[in-house]
Amino acid sequence: MYTFFADLLVLLHFLFIVFVVAGGLLVLRWRGIAYCHIPAAVWGVLVEFQGWVCPLTPLEIHLRNLAGERSYSGDFIEHYVLAAMYPKGLTAETQLILGFIVVLLNLLIYAAVWHQRVHRSR
């Protein structure tokens with residue numbers, strides 16, 4: 001049962017990361033999502049820029065330990081995402097680059113939302 005919850009947490013964590021990175025695209029269609037997306041994006045960027053470990057990661061590790069599985073060290077992105085993309089692991093420089101990509105992508109999306117709104121009000 002603990003393995004199931006740990007796996008579910010990994011899925012939810014992954015979906016949250018996708019929402020942080022690309023959730024602004026939903027705002028193009030449904031403006032109200034910005035009230036959820038902006039705080040999520042700010043949190044995601046802070047985690048990357050500050051080198052924090054998301055609280056979901058220790059919870060997942062704890063669940064894996066309760067299930068008798070081997071746990072890992074580091075954070076979610078390092079273990080799951082970067083392990084596939086960058087086999088040498090996560091560096092502070094890589095975290096900054098990821099954070100800047102998230103900021104830039106979302107600034108572009110929100111600029112498009114603002115542009116759309118301005119042109120509709122004319």
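A salt bridge is a side-chain nitrogen of Lys or Arg within 4 Å of a carboxyl oxygen of Asp or Glu. Keep that in mind as we walk through this predicted model, in which local features need pLDDT of at least 70, side-chain atom pairs count only at pLDDT 80 or more, and totals for chains, interfaces and linings use all residues. Residues are numbered from 1 along each chain as its sequence is written, and side-chain values use heavy atoms, with hydrogens and water left out.

## Salt bridges around R64

Side chains of opposite charge can pair when their charged atoms come close. The structure holds three salt bridges, set out here.

| Pair | Closest N to O distance |
|---|---|
| D7 and R64 | 2.7 Å |
| E60 and R64 | 2.8 Å |
| E69 and R64 | 3.0 Å |

Together, D7, E60, R64 and E69 are linked in a network of salt bridges. The bridge from D7 to R64 connects distant parts of the chain, with D7 in helix α1 and R64 in helix α4 (residues 56-66), 57 residues apart. Helices here are DSSP runs of H or I with at least four residues, numbered from the N terminus. E60 and R64, by contrast, both sit in α4, four residues apart, which is about one turn of the helix. An α-helix has 3.6 residues a turn, so residues three or four places apart point the same way.

Are these residues buried or exposed? Buried means under 20% relative accessible area, exposed means over 50%, and partly exposed is in between (1.4 Å probe, protein chains only). Both E60 and R64 are buried, R64 having a relative accessible area of 9%. D7 is partly exposed at 40%, and E69 is partly exposed at 27%.

## Helix α3 and the aromatic pairs

Helix α3 has 17 residues and spans 23 Å from its first C-alpha to its last, close to the 24 Å expected at 1.5 Å a residue. That expected span is 1.5 Å times one less than the number of residues. Its buried residues are A34, H37, A40, A41, G44, V45, V47 and E48. Viewed down the axis of α3, they fall within an arc of 155 degrees, so they line one face of the helix. The arc is that of the directions from the helix axis to the C-beta atoms. Just after α3, G51 takes a positive phi of about 70 degrees.

The structure also holds three aromatic pairs. Rings of Phe, Tyr and Trp (its six-membered ring) pair if their centres lie within 6.5 Å; planes under 30 degrees apart count as stacked, over 60 as edge-to-face and the rest as tilted. One of the pairs is W43 with W52, which is tilted, at 5.8 Å centre to centre and 45 degrees between the planes. Another joins F49 and F100, whose ring centres are 5.0 Å apart with planes at 50 degrees, so this pair is tilted. F49 lies in α3 (residues 34-50) and F100 in α6 (residues 92-120), so the pair ties together parts that are 51 residues apart in sequence. F49 is partly exposed at 30%, while F100 is exposed at 53%.

## A nonpolar patch

Finally, look at the surface: M1, F4, F5, L8, L11, L12, F14, L15 and V18 make a nonpolar patch of about 880 Å². Patches are made of residues with over 30% relative accessible area and no salt bridge, joining like charges within 9 Å and nonpolar side chains (Val, Leu, Ile, Met, Phe, Trp, Tyr) within 5 Å. One member, L15, is found in helix α1 (residues 2-22) and is partly exposed, with a relative accessible area of 46%.

Conventions. Areas by Shrake-Rupley, 256 points an atom, 1.4 Å probe, with all protein chains shown as cover. Helix = DSSP H or I, 4+ residues; strand = E, 2+ residues; numbered from the N terminus.
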